[in-house]
Structure formats: structure tokens, C-alpha cells
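These are my notebook entries on one protein model. I set out to look up charged pairs, annotated positions and surface patches.

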Amino acid sequence: MYNSKITGLGYYVPENVVTNDDLSKIMDTNDAWIQERTGIKERRHVIKGEDTTTTMGVKAAKIAIERAGIDKDEIDFIVFATLSPDYYFPGPGVLVQRDLGIKTVGALDVRNQCSGFVYAISVADQYIKTGMYKNILVIGSELHSHGLDMTTRGRAVSVIFGDGAGAAVLSRAEGQDQGILSTHLHSEGQHAEELSLIAPGMGKRWVSDIIADNDPNDESYFPYMNGQFVFKNAVVRFSEVIMEGLKKNGLQPTDINLLVPHQANLRISQFIQNKFGLTDDQVFNNIMRYGNTTAASIPIALTEAWEAGKVKSGDLVVLAAFGSGFTWGSVIIRW
């Protein structure tokens, strides 16, 4: 059986910076309130007409492919993780294949929200380990800002999220001493509605229902989050799935060189850091600059950490995420 390793990383965020003070001008909030609860100072928002989920993913992908040292036509498969596709269908995977001018390879869309990139990496890892593919492009990209309730009514959710994209190239490795050691995935659908966007959907409210009702107070097409409930579940599942990955490989928290958690809330990352006894240098956070970019948060953070020299050959790197679904997972990597 082959092994897979990350050979190229890239990310892209819009130039438009939206600070907490900027948000305070359009809704009843303030910088201190947001930072105290989330750790976020600013985020990036796409200016309409300048970018989409797909175009941001393409920009991140080009960097990752170049850094992998391969030609785009050496990509055998595409896995695209997002909750905010350009279209209801088709998904952005095929749009990336088109826009990059890649040959007619398969393209798969992953809809696992905040854990989307972890799930996507796991899928790519299995394809490579079985020998089916040699180089797989994995993208996490989100455009939240166009779908948020940017008023006081929606402030509890809208101040958290930002736009951006990250990408990785997974390639076949002959040796077993480097690369992805294991991936671990879980779900608990009984809590699905605690973090959700209900409409438009075929289950309860489709576009025709929204138009027919024409209700200005209808919040079904804006994201909903039971913040305290999500937080309490996240800190438990983060810890469990990280330990699951370490135990699978005969490792301890002291073996971790770098933990890159999904950037959901700085308080969650700090809780996990303290629980595992990790130093500030062992946990990479950038939520203060970008907010929660959902499926894009881990690849953006991992790329920034790598660019800053925080990821070195031989390091044990752990990726972990928890989000809507509820879904969560971890990836254990020997760099």
C-alpha cells in the first residue's frame, strides 16, 4: 500500500478587510464584545462581482500546484469542500476543473462544513493509498459574506464568519515514514439543527415557498447557531478525536509539534491547548485575522504556518475540526 503526503499548499483571501469597528457601524455590536466571545479582530469579505467560492479556490489551487512542483495536468482527481457553492448545482469541483484547464479528471464535492477539509483530506488519502490516484487537489473554500444577516438581528452569527480559500496537493509517497498516518471521522446527526441553514432546501422550505410567503421576518435562509450548545460539544469532540488519532499511532500529546485546529472560536482552541498542555508555539491560530472560514480555515492556517517555518520535516502535525452536522474529525501527519 502506498502512502500520501502533502506536497503543496496555497491560500487566498480577499483584499477587503472588515474590522469589528466596521461591523459596529451597521449593527449593534462592538470590538470588545466580539473579541471577548470569539477572539476575532477582523475578517475578509468578498466585494460582489470580484470573487466566488470557485475563483478563490482556483487562486489557492494554483499556488499549491506550483509549490508541489507538478503540472496541472498531473492532477488525477479534485476534491472540493464547501458549504457555499457558486450554484445549488453543479458543485464547484467541476468548475475548478474547467477554470484550471485540467483534463477530464473526476471532481468530488464534500459538504461537511467546518470539518469539510478534514473529510476531503481523508477521501484523497484513501484514493492515493489504494493506488488509484497519484496526485489529488484538495480545496476548502467559502464565501459566507453574501449569505449572512448583516443586521443586529443576525449579529451573533454574522460577526464570526469570513471568506477565503485554501488548497493542498496530496501526492503518492513510496515510504511510510512521512505523510498522512491516519484520519478519523465522526458524525452525530441528532444535533444537526443546532447549527444549520434550513432554506432553501427540498425538506422544508424551497425557493417557491420563500417567494410565496414574502415574509421580511423569515430567517430560515440565514445561518442559525446555538452557540453555547455548539461550544460545549466542540471542546469534547475536539479532545476525543485528537486523542483517537494519537492513540492509533502510539503517540502522546507531548509528541505534537503543531496542532492546527479549525478556526471556529479562539476560546475553543485555547481550551484544547490547555487541556493537552501545549505551548503557544505548538498551536497555530489565525482566527483573529480571518474569522471562521469554515472548510477553508484549516488549509489557510496550515499554509500560513508552513510559510512561517512552523512546519518542518519530521514534525508531527495534527489537524482537527468540529462543525455543523454535527461532524468532526482529525488528521495525523508526519511531515
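The entries below follow the order in which I looked things up.

**Entry 1. Status of the model**

I note at the outset that this is a predicted model. I therefore read local features only where pLDDT is at least 70, and side-chain atom pairs only at pLDDT 80 or more.

**Entry 2. Annotated positions**

I asked which residues UniProt lists for "active site". The unreviewed entry gives Cys-114, His-262 and Asn-292. I then checked their spacing: they span 179 residues in sequence, yet no two of their C-alpha atoms are more than 8.7 Å apart, so they gather at one spot.

I located Cys-114 in the loop between S5 and H5. Its relative accessibility is 9%, and because the cut-off for buried is under 20%, Cys-114 counts as buried. Leaving aside neighbours within four places in sequence, I found Cys-114 in contact with His-262 and Asn-292, and also with Thr-294, Ala-295, Ala-321, Phe-322 and Gly-323.

I placed Asn-292 in the loop between helix H10 (287–290) and helix H11 (297–307). Asn-292 is buried as well, at a relative accessible area of 3%. With neighbours within four places in sequence again left out, its contacts include Cys-114, His-144, Phe-161, His-262 and Gln-263.

**Entry 3. Gln-113**

I looked next at Gln-113, which lies in the loop between strand S5 (106–110) and helix H5 (116–129). With a relative accessibility of 14%, Gln-113 counts as buried. Outside the four places to either side in sequence, I recorded contacts of Gln-113 with Leu-83, Thr-294, Ala-295 and Ser-324. Thr-294 and Ala-295 also appear among the contacts of Cys-114.

**Entry 4. Salt bridges**

How many salt bridges does a search of the whole structure find? I obtained 14, and I examined some of them individually.

I found the side chains of Glu-188 and Arg-237 joined by a salt bridge, at 3.0 Å from N to O. This pair links distant parts of the chain, 49 residues apart: Glu-188 is in the loop between strand S8 (179–187) and strand S9 (195–196), whereas Arg-237 belongs to helix H8 (residues 227–248). Both Glu-188 and Arg-237 are buried.

I then turned to Arg-205 and Asp-218, whose closest N and O atoms are 2.7 Å apart in a salt bridge. Here too the pair links distant parts of the chain, with the two positions 13 residues apart: Arg-205 is in the loop between S9 and helix H7 (207–213), and Asp-218 is in the loop between H7 and strand S10 (224–225). Arg-205 and Asp-218 are both buried. I also traced shared partners, and salt bridges join Glu-188, Arg-237 and Glu-240 into one network.

Is each partner in the bridge of Lys-59 with Asp-51 buried or exposed? The closest N and O atoms of this pair are 3.1 Å apart. I found Lys-59 partly exposed, with a relative accessible area of 34%, whereas Asp-51 is buried at 8%.

**Entry 5. Nonpolar surface patch**

Finally, I searched the surface for nonpolar patches. Tyr-88, Phe-89 and Met-202 form one, with about 440 Å² of accessible area together. I placed Tyr-88 in the loop between strand S4 (77–81) and helix H4 (92–100). At 52% relative accessibility, Tyr-88 counts as exposed, because the cut-off for that class is over 50%.

Technical notes. Residues numbered from 1 in each chain as written. Heavy atoms only, no water. Salt bridge = Lys/Arg side-chain N within 4 Å of Asp/Glu carboxyl O. Buried < 20%, exposed > 50% of the residue type's maximum accessible area, 1.4 Å probe, protein only. Helix = DSSP H or I, 4+ residues; strand = E, 2+ residues; numbered from the N terminus. Contact = heavy atoms within 4.5 Å. UniProt positions renumbered as here; feature names shortened; annotations may be inferred. Patch = residues over 30% accessible without salt bridge, like charges linked within 9 Å, V, L, I, M, F, W, Y side chains within 5 Å. Areas by Shrake-Rupley, 256 points an atom, 1.4 Å probe, with all protein chains shown as cover.
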